[in-house]
Amino acid sequence: MIFEPRTPKYEWGMKVKTLIELRNDGGYPDMAEDALLAEEGATGEIVQVGMHTDTNTPIYLVEFTERLVVGCLEEEIEPV
C-alpha cells in the first residue's frame, strides 16, 4: 500500500509542547522500556522534520534538553 506524503504542519525551530506523556518505545536502549521521557506539557524545540518511510507521515525530532531528543508525531505536540 502506498501512502501519499502528508505536508508537515510544523517547522524546524518551532517551540512546541507535549500533549501527552512521552515514553520510551524502545528507541532509547539505555533506558527502561516505557520510561518517562517527557511529561505532558513539557516544552522543547523542533530540531529536525522527517518522514516515516512506510506511512509518509511527518516525524518531528524535538529537543527537550541538551541530551534528550525525542521523535514525535503531530498528534503528540502543539506550538507554544
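**View 1. Antiparallel pairing of strands β4 and β5 in the predicted model.** Strand β4 covers residues 43–51 and strand β5 covers residues 58–65. The two strands run antiparallel and are joined by six bridges. Within this pairing, V49 stands opposite Y60 of β5.

**View 2. The hairpin formed by β4 and β5.** Six residues lie between the two strands. N56 is in the turn and has a positive phi of about 55°.

**View 3. Antiparallel pairing of β5 and β6.** Five bridges join β5 to β6. V62 has V70 in β6 as its bridge partner. The connection between β5 and β6 is a hairpin through two residues. Strand β5 thus appears in both pairings, with six bridges to β4 and five to β6.

**View 4. The largest pocket of the model.** Its volume is about 190 Å³. The lining consists of 14 residues, and those closest to the pocket centre are R23, D25, L37, V70 and G71. V70, the bridge partner of V62, is therefore shown here again as one of the residues closest to the centre.

**View 5. Strand contributions to the lining of the largest pocket.** β2 (22–23) and β6 (68–72) each supply at least two lining residues. The largest contribution comes from β6, with three residues. By class, seven of the lining residues are nonpolar, three are polar and four are charged.

Technical notes
Residues numbered from 1 in each chain as written. Predicted model: local features only at pLDDT ≥ 70, side-chain atom pairs only at ≥ 80, totals over all residues. Heavy atoms only, no water. 1 Å grid on protein atoms, 1.4 Å probe; cavity = no way out; pocket = protein on both sides within 12 Å on 5 of 7 lines; lining within 4 Å. Points joined across faces, edges and corners; volume = space filled by probe spheres on them. Helix = DSSP H or I, 4+ residues; strand = E, 2+ residues; numbered from the N terminus. Nonpolar A, V, L, I, M, F, W, Y, C, P; charged D, E, K, R; others polar. Pairing = 2+ DSSP bridges.
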